[in-house]
Structure formats: C-alpha cells, structure tokens
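Trainee: I want to test some structural labels against their definitions. Can we go through them one at a time?

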Amino acid sequence: MSPVVDLFRRELRVINVGLREFADTLREVGAQHVHVDWRPPAGGKPELMAALSELEERFDAVESANREAFERICGSQPVWIDVARADEVVPGMRQNVVLHAGPPLRWEEACGPVRGAVIGALLYEGLAGSPAEAERLVQNGEVQLSPCHHHGAVGPMAGVVSASMPVVVVENRAYGNRAFATLNEGLGKVLRFGAYSEEVISRLRWMRDVLAPALRDVVRASGGIDLKQIIARALHMGDECHNRNAAATSLLVRGLLPHFGSAGVSGAVVAEVGEFLSRNDHFFLNLSMAACKATMDAAHGMPNCTLVTAMARNGTRFGIRVSGTGDRWFTAAAPRVNGLYFVGFTAEDANPDLGDSSITETAGLGGFAMAAAPAIVQFVGGTPEDAVALTREMGEICFGRNQTFTIPVLGFVGTPAGIDVRKVVETGITPVINTGIAHREAGMGQVGAGLTRAPMECFEEALQALAGL
Amino acid sequence: MIVRHVVLRNTYFDSVTLMKISSAVSRLPGVRQAVAVMATEPNKETVRRAGLAVKGLDGLSATDLVIAVEAEEEPVAVSALRRAEEMLGGDAGQRQAAAARGPSVPRSLDSARAILPDSNLVLISVPGLYAAAEAAKALRRGFHVMLFSDNVSIEDELRLKLLAREKGLLLMGPDCGTAIINGVPLGFANAVRRGTIGIVGAAGTGIQQVSVLIDRLEAGISQAVGTGGRDVSARVGGIAMLQGLAALEADEGTRVIVLVAKPPAPETAEAVLAAVANCEKPVVVVFLGGNREAIQRAGGYAADTLEEAAVMAVALDRGESAFEAVRDAGVELTPVARQEVDRMAPGQKFLRGLYSGGTLCDEAMLLLRERVGPVYSNTPLEPGWRLRDSWVSTGDTVVDLGDDEFTRGRPHPMIDPALRLQRLEREASDPEVAVVLLDVVLGYGAHPDPGSVLAEGVVRAKELAASQGRYLSVVASVCGTRGDPQDLDRQEAVLRAAGVVLQPSNARAARLAGLIASMARARS
C-alpha cells in the first residue's frame, strides 16, 4: 500500500510548524497534534543555513552515524580498574611534558590558575627550583605543554598532570578504551586552582606516596569499581556528578571499604586515607570525568557523525571536538561564569571558564542532568523548576536520552545525551555547563560556582567543517 | 512627529501575530504608524522605507524583534510601545511558564516527533525563506507535508516534490491553503461532513467552495488534498495532483473524485487526463476556463464551475446522472436582478468585485466575461485587462484582494476585512457603480465574524450611495457550512439584514451581478 493511502487509514497526527492559529484549529477539532515553537534556524544566517541544508542532504548517513555514536555512548561501561603513575599509563606522557585542561594553549596566553599549576607541577617534579625557573623552562621549550585530551586524559580546572603524578585508570569495558585523571586534591589551596605553595606540593607528595598506592591496592582488590552504576544511583540522590558529587563520593567510599582489608592496607594508612576522603565531597569528580571521557572517546572519530565528543576550557579558550571531524578543535574565547560568589569575592575576581570537567556535560551529566540536582540551582539563584527547564532545554540539542541515567522528577526519563552540532546551531540553544569559578590569580582557589553556556561560535565553525564548507 | 522603538533580541514571533499587533497599535489614537517585525533583510528594508529606521537596525538579525512607532508626541509613542509589548508579553509569558511546567514545547521537528509518537503529517507555515528547508527536513524524516507557506521558488517546489514522490509521500503545496485529511481541517478549511467524495485541488478556495457545496447537498468529503497552484505548471507536471488522484483511487473510503484547478499547462493536462482515463472511479474535472472536450474525451465529467463540479459529484456519489443533476440545478435570476436594477439611478452601470478568495475571483471573472465583456483586474484573464493601478477600479473591475500585492505586510482579507471595507466605501462613492460583488469565506482560520463586519460596511456603503441619490446593489455568496465556527446561517442572516442579495454559490452570485450590471447598462 502506498504511504499516502496508508495515511488515509490512520489517525492523523500533526506536527504544526509555524502559525499558532493552525494548532488552535487542531485543538478545536480534537485532532492529535503538537505545536513547535519555531524560530528561524541559525538566527537566519545564510552561511549557516547553507551548512545545515548541506548536512540535510546527507541525512541518512549522518543519522546512522549519530545513532551508532549514541548507542556507543549509552552502551559504554566505565570501570575504575587501577591507579598508576601518569608516565606509566598515559599515552605520550614524558618527563618534560605537562598536560593542561582545554584546547591547545600557548604559554603567553595562559591564565593565572594554569600558569600557577604548571609552575607547581614543575616544582613538584623537581624540574625547577623556583617559579621563575619553571616559567623559563616552558618559555624556552624544554618543557612542553599539551592538552589532557590529546592523551586520553581529563583534569578539573587547570587540569595539570605531570609525569610522576598518580592517575586513576578507567577502562570502558564495552569498547576496551581507557581514560585517565588525577586524584582530586580537595578544596582550599590546591594545584588545580594554580596554588603552588609548599603546603600544596607536600600534599601532592602525600597523595603520590600514601594515597595512590593504597587506592591502587584497594581498587585492584575490588576487581574494579563500576562507575556507571555509581553515577546512575547518585543522580537519584541529588548529584549531577559535576558540581555536586556528595552522594557519588559516599557511594564510592562505601564501595571501596570492604576491600581495604583484603588489600592489606595498614591501619595508619586507612586512617589517613579515610580522613582525606571523608573531608572531600568532590573526590568523585575526577572519576566522573574519567568515566565520561572513556565514554565519549568510544564515540569519537566516526565519519559523518555530528555529535560532540569533548567540551573543554583552558581558561582562555573554550574548545569542542566533534566525532566526525576527529581531533580538530573548534575554539572561541572562554565565557564568563554566571554564578554565586563566596563571601569576599565578586565577578571581578573570576577567571573565565576553565577545566576539562565539562566532559561531564558532553556525556549528559552536569548541567544536562540539572533536574536531578535541584539543590545546586541555588548557585544561580534559580528554582527547582528552572533546573527541570534546563534539562528539558538540553533535550532539544541532543540525539536522545541515556536510559541508564534517569531523573526521578522527570518521570525517570533519561538525561539528554549526544549533543548534536546541527541542533545547537539550528535552535540557537547552547549547552549549559555547571562549573566552579576559579580566581583569576594563581593559587587563590575557588571563588564561587555557577552556570555558563558553551560559546556558539565553536558550534558554528564545527558545523561548517562538518558540511565541508 | 516622533519615532520611538524597542528591540527584543533573540526571540521569534510569527508574522500573523506581529501583523495583528502592528495594526492594533497603528489604530491607537495619536499614532501615525507602527510596525512590529522580525529584523530580516526584507523587513529591515520595509522599516527604512516607512521612515521608521532606527539606530543599530543594520546589526539586527532574523531572531531580533523590532517594534517602531511614529506618533504625534512622546507619551503617545511610549504608551503605544508599551501596549505592543503587552500584546507580545501574554504570549512570551505563557511560553516561559509552559517551558517550566511542561509538557515541554518543542523547538524543533525532531523533539516534536519525540513528543508525539507516530505523528504522520507536518503542517508548515513558516516564512517562505525557511519553508523549503523545513519541508525537506520533514520529508526526509518520512512525514507527509502540507506546505502552507508561499514564496517558495519553483525550483525548490520541484526538488521537494521529486523527493516526496521518491519516498511515496505527499507534499501538498507550497502555497497550499486548504486540505482536509481524515476529516481534520488543515489551514483554511470548512467543517464539512465526512463522506465518500475525494477532492484534489490546485486551488485553495476552489476546494473550499466545492467541499462546502457538497456539504450543502448533504453529501460528504473523504479527503481533500491540496497541491498548491503551481503543481499543474509545465515545470512541476502535476506531481502532487497525480499522486493525490492515485491515492484516492486506491482509497476504500472514496467513491467519486473531483479535480479542481485553473487550466493546467498542456503537457500537464495531458498527463492528468491520461490518469483520469485510467481511473476506475468516476472523476469530475473542473479546470476553470479550460477545455471541456479534452476532459470528456478522457472519460471525465467536465464541469464549468465549482458549483457544477459539486452537483455532479454528489449525483455520481448517489448513483444518479451527473448531467441531469446539472440541468436541474439551473435557476432563473432575472426577476431578482430586475428588482435591483429598478431602484438604480441613471448612470449606474458598472460592476465591482471585491474578492478575498483567488479561485473564487477567477471563477467570477470567467462567468462575467461572457456577459459583460472585459473585466479589469489585478489578476486579469487577458493581459490587456490589467488595472493600471490595482487600487483604483475602472469599468467592470474584479480585484483579488488576497493577492500578494495587497497582502504585503498586511493580514489576508479572509482574516482582516479592513482593506476590503475601505475599497467598498470607495466603490460606493463612484456614481457609475451599479453593483458590488463579494465573497465571504468562512471556516477554520478565517475571521471569526466576517458577516457582521462586512454588513456594517455594506450598510454604510448603501447609505453613502443613497445620500447621493443612488441605489447600490450588493451581491454576495457565503462559502461556509452550518458547522463552521462562524455558522453559515447566522452569517447569511446578518448580511441579508444589511440588504445584501445572497446566492448559495459564487457562480450564481457572479452570474447575478453580471446580469444586474448588463441590465443596468441596457437601461441607461
């Protein structure tokens, strides 16, 4: 039967795009319909509309690539399997390389927190005896900067990783790829905000010498910690696993506890490690990030795929990578963060958006899962309704819903996942990111937290690259 | 005079909403003119031409809204802008609330189809510039499409229709004003009963007139498929009409098929009539102003008017003779005409038709030509009969006030009768005018009470003529049903009370008006 004759036999179900009056008529006569709040695509910009229609011409190829990528995102199984020195496990990691957050960065344009963190890392490694010497090493090229993302790694805020730092190893058991992240240092004076005082460096040494071996033995003894399951449960407990990790950290610690004994960790070490973990609500953040990185890498590099596989900021530039354009970055100036400041700080003190932690949003957590975490909407003076609206809005720009990560308040519908460059440009809706705010000066630490949006320019540029225009 | 404006960035309102606001604000006391437009390039040009250019206009884009008001004094302009924003605000406020509460309002086709599973048709009425892209998107996702939007190029139309045909999908339009699918009215359509007569039409008000008359004859419509007027051009080749015909032939719910169009291009007519010849169901064909013989040779039932097509289709649907039905439908109009002409003053001799429906306008001109000779128009039957100025009538004139030239930046006369009322008054003051001919189109999408508004205008027009010693005859037909939101009976009653001579169809109204004009002429 022809589809037209078939249409005549079915109930008519209409999508109305345009005049609201026509939807009113459909309502009046009791016809099934939905009205689209339509706006000119891409703000009516001709070159972007041309790129969109070019991709429409390849609709079937794009759609099937996106479907496969989306299935890989949803089918990923990130498991924390090990802790190791960065230069033992991170590809391309060498003594004279320092990794940082975000897209590639030249030293001259680096922001305060990144500068401070790089200096701190070189002091910690013993490569430099003073901050001035550290700067010189970078300036004359003896030490090279490289983005974490180029090494399968991610780091919060400055995201600095050096050769001897311990990293968590997260394996995507569905696809075999691995991702890495440092261990979270806690709040206060910490390297990721660019602090490099003796207090900071000695904590890093303790993490390397005490914390890391203990966690390594415990994780190995556990046979691997299923991070996806922890994230799914934490979403039901008020976390969005970017800016709020209180529940996930607790679940993680509970999952580790039974294995301290079989790993043979001494009582004194258990006490130190227990003390450290119990004081840091955000310990899970770095694991969440590594889990998201392992997930998104499984969907990366697929021809014709228009889904975003990384969003990252170096404090100066905001960059995205898209599956179908491989390792190319599309960047724009890092945006300001709209947020709530700790007592004594103002927007004047804030560094522009910073860190690889927006990998969580890329995977459908963080701002995309805002409806799961109404408690943190307060950072932007919002209401729980705003949180729900944000998650819904993100649904407009995603391929689908990740049914593993469900949100109770939305009737257990999954979080939106698979940001589609086409939809971002078409609708003008940019991804929302939940984030901490770093002080613009090195080492001052966190001054607040809030929300920001990925800059549209990145997506416009990516769209044109995807269209081959 | 001073000009004040506001700009609302990163928003969008459809043109109908904005035109309503523009015209409401323009009518406020002390306001000379007002515009509310999305800042597309053509709209920016319109704003500049109107002398309302504002600072920073160049930098705005299609998702920025500009409201500009020219008024006698500052406080008037400011309060007019506030009023415009209030009118928008209702909508914007609702949107925000809806977004927060849910069910969520989708922003794109993809999220809409997730919300309404098994949706099967997309009705598109976005501005022409964006319409082809939206239609292509819908077709690629497997939807049938009704494309109400106009200003889509014929190249795009052909490309879209080929894509639709390849996928076995129906693309109705562009510029398709009317369809009824599975009993659901789409765009401008009337509440007609369901039945077993299927219509495929390349003429919007033609479909409305035929379906309404079928309803009055107590038969019903299975499906009414619109194709858009250009479907029957040589370039497009009747792709949608052929698809519609084939689908209705295969449709178990359809017994009789009616094709409605202006005369197709010769090669398209040939293809369509070849399909008619092969069709197992009876097909009534009305190609307004076209050739009857070719239709009859193909085994089709040729109708000269929309009314005839309806009468024939209903007879065939009942298993009766189509030809007898048409013969029996003839009525003597002379006594009515005589009554009207007897009251006129010497010198009254011309006819003025003021139409809102394009196909109805064409039908009227074709019928009038036979009786009164040249009919001047903005959409003339012969090139030589084109009005030098569409806004000024001459001799026997029939204008289509729904044509682009009149609707640029203004709502269609089926929605907003203002322009027609102005023109009616002008015709009434012309001492040479004997009769005014009107169409009144009811149905979903049309003005909620056109009869009352026009009746007031008719009363004023007749008073104006009477004050100058004349009798102005006004003849009209109402294209509508009792089930329409406006209610046919009520609309006819109010028009009749205003002294309008009503006929049940446009063809009869046109014939009567032509008769009145020619009799008036014979007398003077």
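Mentor: Start with the salt bridges in this predicted model. Between chain B and chain A the count is eight.

Trainee: What makes A:Glu63 and B:Arg113 a salt bridge?

Mentor: Their side chains meet at 4.0 Å, N to O. The cut-off is within 4 Å, for a side-chain nitrogen of Lys or Arg and a carboxyl oxygen of Asp or Glu. Therefore the Arg and Glu pair qualifies.

Trainee: How many residue pairs are in polar contact between chain B and chain A?

Mentor: There are 24, with both residues at pLDDT 80 or more. On the side of chain B that touches chain A, α4(B) gives the most, with six residues. That side divides into 35 nonpolar, 17 polar and 17 charged residues.

Trainee: Why are β1 of chain A and β4(B) called paired?

Mentor: Pairing needs at least two bridges. These strands have four, in the parallel sense, so they pair. One bridge joins A:Ile15 to B:Val122.

Trainee: How do you know that β11 and β12 of chain A pair?

Mentor: Four bridges join them, and at least two are required, so the label holds. They run antiparallel. A:Gly319 has A:Thr331 as its bridge partner in β12(A).

Trainee: Which strands are the edges of the sheet β12-β11-β10-β14 (chain A), and what makes them edges?

Mentor: β12 (330-333) and β14 (354-355) of chain A. Each pairs on one side only. The four-strand sheet is open, with antiparallel pairing.

Trainee: Which helix packs on that sheet?

Mentor: Helix α17 (residues 456-467) of chain A, touching β10, β11 and β12 of chain A. Its direction makes about 155° with that of β12(A).

Terms used:
Residues are numbered from 1 along each chain as its sequence is written. Chains are lettered from A and ligands numbered from 1 in the order in which they are written. This is a predicted model: local features need pLDDT of at least 70, side-chain atom pairs count only at pLDDT 80 or more; totals for chains, interfaces and linings use all residues. Side-chain values use heavy atoms; hydrogens and water are left out. Contact means heavy atoms within 4.5 Å. Axes are lines fitted to C-alpha atoms, for helices over the stretch in contact, and angles run from 0 to 180 degrees between N-to-C directions. A polar contact is a pair of N or O atoms within 3.5 Å; within protein, one must be able to donate a hydrogen and the other to accept it, and residues adjacent in sequence count only if both atoms are side-chain atoms. Ala, Val, Leu, Ile, Met, Phe, Trp, Tyr, Cys and Pro count as nonpolar, Asp, Glu, Lys and Arg as charged, and the others, Gly among them, as polar.
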